[in-house]
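Reader: Please give me a close look at one part of this model, the place where aromatic side chains pack inside it. Then follow the thread outward from there, in one connected account.

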Amino acid sequence: MAQEALSLGANTFQFFTRNPRGCKAKPLDPADVAAFHALCAESGITRVLAHAPYTLNAAAADAHVQEFALQVFADDLVRMENTPNQLYNFHPGSHVKQGVDVGVEKVAAVLNQVLQPQQTTMVLLETMAGKGTELGRTFQELQEILRRVNLPEKVGVCLDTCHVWDAGYDIVGNLEGVLEEFDQVIGLEKLRAIHLNDSKNPCGAHKDRHERIGEGHIGFEAFARIVTHPQLAHLPFYLETPQDSLEGYAAEIARLRAAAGRK
Ligand code: FE
Ligand code: FE
Ligand code: ZN
């Protein structure tokens, strides 16, 4: 995967820790781990982002689903320590009919069970579009989870541009205002990664349908401002756009790099 990312002009990548809709994870092959470390050292890849399966719902009402979330989360964090100092992103979850407050408590409780003082992995809560009863649709909801975490230095936030846009944050017309709000509510030092996705829907639609960069309602100009913004430019950016070929990603990366003035 690292090799493929490099061949596209990327210097980082995101991957699923296991089937995004399933639960079984392959045991790690020590030879793979060693090859990954060697390639990273040689190519300058310093941070990669692991994505938890979508089926992980830490806020679930059902005890079995909650138990599954705990197990997968804990197991993933153990596996992540084979490649120290990386990022692990998860969707806060859906509270279904329990309400935001109960959902927030449950997610925080799961984090407080799985986070270990000795872990080197930074766990990231992803900003969500607010589809259905998704938690994390506002910066306040994320902060409510964060402030309940006993090991706050192990947790940060991954901002998904499509999701915040769909949630109602106008990153096209008022990027400064949105970042200011993020800083006031959560603190920009907590922002550790960005998912770069255009959106098929207008601001506030609460839909979560990703679009290729520059082909949706957010538009290329806004992405050029995001990747060059002095408070964001140092962060790792990950594409989750609907491309049907690797060349499509290579082209998006090249266009964004050109806009950022990097080769
Ligand atoms: Fe995600
Ligand atoms: Fe995302
Ligand atoms: Zn999404």
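Author: F73 and Y88 are both buried. The model is a predicted one, and every value below is computed from it. These two residues form an aromatic pair, one of seven found in a search of the whole structure. Their ring centres are 5.4 Å apart and the planes make an angle of 50°, so the pair counts as tilted, a class that covers angles between those of stacked and edge-to-face pairs. F73 belongs to helix α3 (residues 63–80) and Y88 to strand β3 (residues 87–90), so the pair ties together parts of the chain 15 residues apart in sequence.

A second pair, F139 with Y169, is stacked, with 4.0 Å between centres and 10° between planes. F139 sits in helix α5 (residues 139–146), while Y169 sits in the loop between α6 (161–167) and α7 (175–185); the pair links these distant parts of the chain, 30 residues apart. Both residues are buried. Elsewhere F13, F15 and F36 make up one aromatic cluster. A ring can also face a charge: the charged end of R255 sits over the ring of F220, 3.8 Å from the ring centre.

The tilted pair also has a place in the nonpolar packing. The largest nonpolar core has 58 residues, and F73 and Y88 are among those touching the most other members, together with F90, V107, L111, L196 and I226. Separate from this is a second core of eleven residues, including A10, F13, L39 and C40. In the largest core, L196 can be followed further. Setting aside neighbours within four places in sequence, L196 is in contact with residues including I213, F223, I226, V227, F237 and L256, and also with T161 and E240.

E240 leads to the metals. The iron ion (ligand 2) has four protein donors, E126 (OE), D160 (OD), H195 (ND1) and E240 (OE), at 2.0 to 2.2 Å. A tetrahedral site would need all angles between 85 and 135 degrees. The four donor atoms subtend angles of 85 to 174°, which makes the arrangement irregular. Along the chain the donor residues are spaced E-x33-D-x34-H-x44-E. Of these, E126 in strand β4 (residues 122–126) and H195 in strand β6 (residues 191–196) link distant parts of the chain, 69 residues apart. E126 has 1% relative accessibility and therefore counts as buried. H195, at 0%, also counts as buried because the cut-off is 20%.

E126 coordinates a second metal as well, the iron ion (ligand 1), which is 3.3 Å from the iron ion (ligand 2). The zinc ion (ligand 3) is 5.4 Å from the iron ion (ligand 1). The protein donors of the zinc ion (ligand 3) are H163 (NE2), D208 (OD) and H210 (NE2), at 2.0 to 2.3 Å, and in sequence they follow the spacing H-x44-D-x1-H. H163 lies in helix α6 and H210 in strand β8 (residues 210–211); the two link distant parts of the chain, 47 residues apart. H163 and H210 are both buried, as are F73 and Y88, where this account began.

Methods: Residues numbered from 1 in each chain as written. Chains lettered and ligands numbered in written order. Predicted model: local features only at pLDDT ≥ 70, side-chain atom pairs only at ≥ 80, totals over all residues. Heavy atoms only, no water. Donors = N, O, S within 2.8 Å, 3.2 Å for Na, K, Ca; no water. Tetrahedral: all angles 85-135°; square planar, octahedral: opposite > 155°, others 65-115°. Helix = DSSP H or I, 4+ residues; strand = E, 2+ residues; numbered from the N terminus. Buried < 20%, exposed > 50% of the residue type's maximum accessible area, 1.4 Å probe, protein only. Core = buried A, V, L, I, M, F, W, Y, C linked by side-chain atoms within 4.5 Å. Contact = heavy atoms within 4.5 Å. Phe/Tyr/Trp six-rings, centres within 6.5 Å; stacked < 30°, edge-to-face > 60°. Lys NZ or Arg CZ within 6 Å of the ring centre and 35° of its normal.
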